[in-house]
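Open the model in your viewer and switch on cartoon display. Keep a selection box at hand for the stops that follow.

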Amino acid sequence: MTSLRILALIVQGVVVFYSVYILFFAFVGVFKRGQRNNPSDSTPRKRFAILIPARNEESSIGQLLRSLQVLNYPPDRYDVYVVADNCTDNTAEVARGLGATAFERFNDVEMTKGYALEFLLDRVLECGKTYDGFVVFDADNIVDPSFLDEMNKAFASGCHVVQGQWLAKNPRENWITRLNHTSALFGSLEQQGRSNLGLSCGLSGTAMAFSSDAIQRLGGWKAYGLLDDREMQANCVSNGLHVVWWPEAIAYDETTSSMRQASNQRVRWLRGAMQVFLGYF
């Protein structure tokens, strides 16, 4: 019983510490941030490559690609690239039909999202075009029309790694999606708190952008674990790259509505977080 009490106290201590830690940043994030040094409309438009990893997403990738077609940004200043990673459906054909450049990848050993992004980024760098920045979205996202315009402002003001804000696109489907939406809003507060304190912010796996200089310093996409976004965040910090929170750049993400899927997702995230902790502590 004594051992169990000690174990319970340790667990409670960790939970309390983590809760206070998160609540502190969320509280700081409630307060209005300082005025941004936004460039004027005359600022030259940056060129972007949009990278989309997809696995059997023929039914959902169309929404994303159509939202990218109506961005408030010059069409000649961005290109859309998709990697159909180990797909058994028509994801690549759907992407090509909607104007994206699609590559197909088949590898039954290196199967995480990070490997797919590395493959796609390498193909884009080999194509001979020059880009100022690389933006990553998940295949089931929808993008706000002003997203690239906001990323252009961020890059023009000197940022090299930028995390936009993502929100649930199906918040009212059921109680699970409502909780996910609430979690996303709370996460935005935490990110804002970090930004207000001048700290490097977190990467969230989607709606994130990297300058060409940042990609060069990182040596490409070098994050292969279960939580590739946090691994990439650790790589950025290790290489002296500050992750900037830019909430005006918004994307909407499809959140799971199934308890089983949500549980499996959280277990995978926790395993990935432990991998990053052990690798970078």
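Begin with the surroundings of helix 2: strand 1 (48–54), strand 2 (78–85), helix 3 (91–97) and strand 5 are among the elements that cover its buried residues. Bear in mind that this is a predicted model. Now select helix 2 itself, residues 61–69. Which of its residues are buried? They are I61, G62, L64, L65, S67 and L68.

**The sheet**

Colour the strands next. Eight of them form an open sheet with mixed pairing. Read across the sheet, the order is 3-2-1-4-7-6-8-5. Which strands sit at the edges? Strand 3 (101–105) and strand 5 (142–143) do, and each pairs on one side only. Strand 5 is also one of the elements covering the buried residues of helix 2.

Zoom in on strands 2 and 3. They run parallel, joined by five bridges. Select V82 and look across to strand 3: A102 stands opposite. Then trace the chain from strand 2 through helix 3 to strand 3. This β-α-β crossover is right-handed.

Move to strand 4 (residues 133–136) and strand 7 (residues 208–211). Is this pairing parallel or antiparallel? It is antiparallel, over four bridges. Show V135 and A209 as sticks: V135 stands opposite A209, which belongs to strand 7.

While the strands are in view, turn on side chains. In a regular strand, side chains alternate between the two faces of the sheet.

**The rings**

Display the aromatic side chains. The model has twelve aromatic pairs. One to select is Y115 with Y224, a stacked pair with centres 4.5 Å apart and 15° between the planes. Why is this pair worth a stop? Y115 lies in helix 4 (residues 113–126), while Y224 lies in the loop between helix 7 (212–218) and helix 8 (228–238), so the pair ties together parts 109 residues apart in sequence. Y224 has a relative accessibility of 25%, so this residue counts as partly exposed.

Next, select F17, Y21, F24 and F25. Ring pairs link these four into a cluster. Stay on F25 and add R194: the charged end of R194 sits over the F25 ring, 4.5 Å from its centre.

For the last stop, select F119 and R123. R123 lies over the face of F119, 4.6 Å from the ring centre.

Key
Residues numbered from 1 in each chain as written. Predicted model: local features only at pLDDT ≥ 70, side-chain atom pairs only at ≥ 80, totals over all residues. Heavy atoms only, no water. Phe/Tyr/Trp six-rings, centres within 6.5 Å; stacked < 30°, edge-to-face > 60°. Helix = DSSP H or I, 4+ residues; strand = E, 2+ residues; numbered from the N terminus. Buried < 20%, exposed > 50% of the residue type's maximum accessible area, 1.4 Å probe, protein only. Lys NZ or Arg CZ within 6 Å of the ring centre and 35° of its normal. Pairing = 2+ DSSP bridges. Contact = heavy atoms within 4.5 Å. Right-handed = clockwise from strand over helix to strand, strands pointing away.
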